[in-house]
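Q: Could you zoom in on one spot in the backbone for me, then walk on from there through the rest of the model? Keep it chatty, but give me the numbers.

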Amino acid sequence: MYVLQAENVTKVYGGRLEVNSNNALNGISLNIEDGEFTAIMGPSGSGKTTLLNILSGIDEATRGKIKIMGKDITKFTRDEMAIFRRENLGIISQDFNLLDDLTLEENAVLPLFIKDDSSENVKDRVEELFKFFNIWEQRNKYPHNVSGGQQQRAAACRALITNPKIVMADEPTGNLDSKASTKFMKYMQMINENRNSTIIMVTHDSYAASFCKRVLFIKDGKMYTEIRKKEGKEDFFNRILDCLAIIGGEVDEV
Ligand SMILES: Nc1ncnc2c1ncn2[C@@H]1O[C@H](COP(=O)(O)OP(=O)(O)OP(=O)(O)O)[C@@H](O)[C@H]1O
Ligand SMILES: [Mg+2]
């Protein structure tokens with residue numbers, strides 16, 4: 001069963017839609033099955049954030065269709081989209097999107113209060129996540145008083161606290177050192193395997209991508225190619241590097 005289907009998604013910021021031109025997205029189609037663990041890679045400016053924002057309903061496609069769990073999200077009103085997102089998606093955005101006036105802990109538990117799920121073991125849940133991601137000591141600090149990596153991990157906790165069916169993350173390890181990055185990917189792997197969470201993450205990091213089971217490569221707003229991890233022993237990491245070498249661009253400079 002497909003949990004997400006995108007058909008011919010095109011995005012033009014501002015100006016007019018032109019066929020075969022330099023739109024941010026030029027007709028991207030993709031299907032994601034329930035329980036898939038997918039990375040999206042591509043050069044800077046290739047449209048990864050634009051795609052993820054459209055798939056998560058944060059931004060609107062200029063053209064194209066997006067179905068999530070069988071529902072056409074392009075037909076949702078703003079409010080319907082907000083509710084759907086809150087109930088089904090865990091989103092980690094590239095710029096974290098933490099609220100400045102709330103502590104890291106308050107930021108992280110916010111989705112539960114909005115969802116009115118404040119009753120049972122919120123405290124345990126936040127403690128477990130914050131301790132796992134090594135930001136428990138920072139829980140009472142405000143975003144501007146902690147490092148970028150700590151903000152990023154708090155944003156991850158906020159996205160994960162509701163145990164979302166689908167996780168969509170934009171460069172979730174971009175500000176993390178290799179140890180924290182590995183920890184984050186192991187957590188993704190755990191929820192993918194144990195809870196069958198569907199994960200879609202944008203990343204520049206080949207090592208992080210190698211934890212995934214499938215990598216989509218996009219270039220100039222178009223789907224370029226994709227690879228899947230095979231069963232048994234194989235060097236998925238090197239296959240990812242090979243694809244990046246072919247696709248070119250500034251992928252490895254970030
Ligand atoms: N709000 C915006 N208004 C106008 N153009 C935009 C806007 N956001 C992105 N773009 C343009 O759309 C294209 C795709 O941008 P996008 O942010 O999706 O790239 P990306 O692949 O996420 O890049 P990066 O790896 O640097 O994060 C780029 O050419 C970018 O300049
Ligand atoms: Mg981006």
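A: Let's start with Asn-196, which sits in the loop between helix H6 (178-194) and strand E8 (198-202). This is a predicted model, and in it the phi of Asn-196 is near 55°, a positive value in a residue other than glycine. Is Asn-196 buried or exposed? Neither label fits: its relative accessible area is 35%, so it counts as partly exposed, given that buried means under 20% and exposed over 50%.

Met-69 is another residue to look at for its backbone. Its phi is near 50°, again positive in a residue other than glycine. You'll find Met-69 in the loop between strand E4 (63-68) and strand E5 (71-72). With a relative accessible area of 32%, Met-69 is partly exposed.

Now over to ligand 1. The residues around it include Tyr-13, Ala-24, Pro-43, the stretch Ser-44, Gly-45, Ser-46, Gly-47, Lys-48, Thr-49 and Thr-50, and also Gln-94 and His-204. On the polar side, a side-chain N or O atom of Thr-50 is 2.5 Å from an oxygen atom of ligand 1. For His-204, the corresponding distance from a side-chain N or O atom to a ligand 1 oxygen is 2.9 Å. Gln-94 puts a polar side-chain atom 3.0 Å from an oxygen of ligand 1. On its own, ligand 1 exposes 630 Å², and the protein buries 56% of that.

Gln-94 turns up again at the metal. The magnesium ion (ligand 2) has Thr-49 (OG1) and Gln-94 (OE1) as its protein donors, at 1.9 to 2.4 Å. These two come from distant parts of the chain, 45 residues apart: Thr-49 belongs to helix H1 (residues 48-55), while Gln-94 is in the loop between strand E6 (89-92) and helix H3 (104-114). Thr-49 is partly exposed at 26% relative accessible area, and Gln-94 is partly exposed too, at 41%.

Last stop, the interior. The largest nonpolar core has 48 residues, and those with the most contacts inside it are Leu-160, Met-188, Val-215, Phe-217 and Ile-240. A second, separate core holds 26 residues, among them Ile-40, Ile-68, Ile-73 and Leu-216. Back in the first one, leaving aside residues up to four places away in sequence, Ile-240 touches Met-41, Ser-206, Ala-209, Ser-210, Val-215, Phe-217 and Ile-227.

How values were computed. Residues numbered from 1 in each chain as written. Chains lettered and ligands numbered in written order. Predicted model: local features only at pLDDT ≥ 70, side-chain atom pairs only at ≥ 80, totals over all residues. Heavy atoms only, no water. Donors = N, O, S within 2.8 Å, 3.2 Å for Na, K, Ca; no water. Helix = DSSP H or I, 4+ residues; strand = E, 2+ residues; numbered from the N terminus. Buried < 20%, exposed > 50% of the residue type's maximum accessible area, 1.4 Å probe, protein only. Core = buried A, V, L, I, M, F, W, Y, C linked by side-chain atoms within 4.5 Å. Contact = heavy atoms within 4.5 Å. Near = heavy atom within 4 Å. Polar contact = N/O pair within 3.5 Å; in protein donor to acceptor, adjacent residues only side chain to side chain. Areas by Shrake-Rupley, 256 points an atom, 1.4 Å probe, with all protein chains shown as cover.
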